[in-house]
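User: I'd like a close look at one part of this model, and I'd be glad if you could walk me through its surroundings too. Here is what I have in front of me.

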Amino acid sequence: MKNDTSNLMRPFGLPDSASTPVVTPLSPSVVYASSSPDMLDAQYNGDIAGFTYAREGHPNAQALAKQIDALEGVEGGLVTGSGMAALSAALLGLLKTGDHIIAGDQLYGRSLRLLKEDLPRLGIEITLCNTTSAENVLAAVRTNTKMVLLEAVSNPTLRVSDVVGVVNAVSGKNIKLVVDNTFTTPMSLKPAELGVDIIVHSVTKLLAGHSDVTLGYIWARDEETTNAVYGFCVTTGMTPSPFDCWLAERGLLTFPLRFAKVQENAVLLADALASHPNIARVLYPSRTDHPDISVAKNLLRLNGCNMVSIELCDRTRAAANRFVKNTREIAFAPTLGDVGTTLSHPASSSHRALNISEREALGISEGFFRISVGIEDPDALIRAFTKAASSV
Ligand SMILES: Cc1ncc(COP(=O)(O)O)c(C=O)c1O
């Protein structure tokens, strides 16, 4: 008998229901049907809300963007396929040949690569400087400077940028100030309140928090910039996956709880490791021995982040190998912001492309480690790292 497939015609639609789901439904649909050309026109003109094609936006991306907007105290942010997509949208979507950008010299490695290799290829000039002092940024301003890019807390040396000083330094100069708020998160810093023009995030990290999605976020203060960023993202396909957005929204629900806990754990771990005889230095933004403690106090108030960096007294690769081999309980993985603690060794991962003297200039020796602190029992963490430090 022939199968009757005549009833298998899209769209099926969902069953009618007077009640609403508590969890945001997952919407993997790539296309959205409209009832008429007039309706489509009205959607494209922005007169009515609705979706057309997922690359241009979809419900899960919009739901997640709204949640991050609320945390940052802003409206109109956009979720992208990765943190690098958000950074690329800010830089490539807004700068043009002949423009100049000033950026922190200790940014995330891929951001530095974008600045050093891709922007010059497009005829965009760059200056890298130490952004812990706004004077350095001011001294680098040229007539064609259009943008400044900072990370509030840098990776992996946890230097703190003078965000307030830089806002004042570029004010009235037609320069857009972009802050990558990945490390600090809106729990520690709300850049929009300080007058920053553009915020970017790697949502992959603390916001989503479970190392199972790759996503970014970008928000711009003015409408023209927002439209330019949105247009660039749609054209270049920076679209996030609905499933990633759905997972990230779930992760975000526990973000404030997780952040409070990882910060608490980070302070306890930093203090415990600072007194270990085999550890030469411990970096954490709210510690009184941090090189930028006065900037950190003003900027982050009583907050910090979940990252602790340490340097072993023995700055050799052999000691680094011993340290990692003796922290079996901790994932040795070059990521951050997961619920579980991870350990990374910048000299062999994020900063391996730099030569020894470039790494030394940043204070990154073979004995330098970055710890992304998770939500585990702090005593267990202290035990694990103390044991490893004692073994080197
Ligand atoms: C500070 C910072 N910004 C941006 C990124 C890039 O984010 P993604 O890996 O989501 O592209 C990272 C990644 O580690 C980062 O640490």
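Is strand β4 (residues 145-151) largely enclosed by the rest of the structure or left open, and why? Please go on from there to its neighbours.

Analyst: Happy to! A word on the ground rules: this is a predicted model, in which local features need pLDDT of at least 70 and side-chain atom pairs count only at pLDDT 80 or more, while totals for chains, interfaces and linings use all residues. Residues are numbered from 1 along each chain as its sequence is written.

Strand β4 is largely enclosed by the rest of the structure, because 6 of its 7 residues are buried. Buried here means that 20 or more other C-beta atoms lie within 10 Å of the residue's own; 12 or fewer would make it exposed, and anything in between partly exposed, with C-beta atoms placed from the backbone. Strands (E, at least two residues) and helices (H or I, at least four) are DSSP runs, numbered from the N terminus.

Now for the neighbours. Strand β2 (residues 100-104) runs parallel to β4 and is joined to it by 4 bridges; two strands count as paired if DSSP finds at least two bridges between them. One place to find this pairing is His100, whose bridge partner in β4 is Thr145. Strand β5 (residues 176-180) also pairs with β4 in the parallel sense, over 5 bridges. There, Leu149 stands opposite Val178 of β5.

The link with β5 includes a helix: β4, helix α6 (residues 163-170) and β5 make a right-handed β-α-β unit. Right-handed means that, with the strands pointing away from the viewer, the path from the first strand over the helix to the second runs clockwise.

Stepping back, β4 belongs to an open sheet of 7 strands with mixed pairing, in the order β1-β7-β6-β5-β4-β2-β3. At the edges stand β1 (78-80) and β3 (125-129), each with a single partner strand, so one side of each is left without a neighbour in the sheet. Ignoring direction, neighbouring strands of this sheet are turned by 20° against each other on average, with axes taken as lines fitted to C-alpha atoms.

Following the order beyond β5, we reach strand β6 (residues 198-202), which pairs with β5 in the parallel sense over 3 bridges. Asp180 has Val200 as its bridge partner in β6.

Next comes strand β7 (residues 216-220), which holds Ile218. Ile218 is buried, because 30 other C-beta atoms lie within 10 Å. Leaving out residues up to four places away in sequence, Ile218 touches several residues, including Leu78, Thr80, Ile198 and Val200; such a contact requires C-beta atoms, placed from the backbone, within 7 Å. The C-alpha atoms of Ile218 and Val179 are separated by 10.0 Å, although the two are 39 residues apart along the chain.

For completeness, there is another open sheet, with 5 strands in the order β8-β9-β12-β11-β10 and mixed pairing. Its edge strands are β8 (279-283) and β10 (331-332), each pairing on one side only. Strand β9 (residues 307-312) is mostly covered, with 5 of its 6 residues buried. β9 runs antiparallel to β8, with 4 bridges between them, and Ile279 has Leu312 as its bridge partner in β9. β9 also pairs with β12 in the antiparallel sense, over 5 bridges, and here Met307 stands opposite Ser372 of β12.

Note on methods: Axes fitted to C-alpha atoms, helices over the stretch in contact; angles between N-to-C directions. Contact = placed C-beta atoms within 7 Å.
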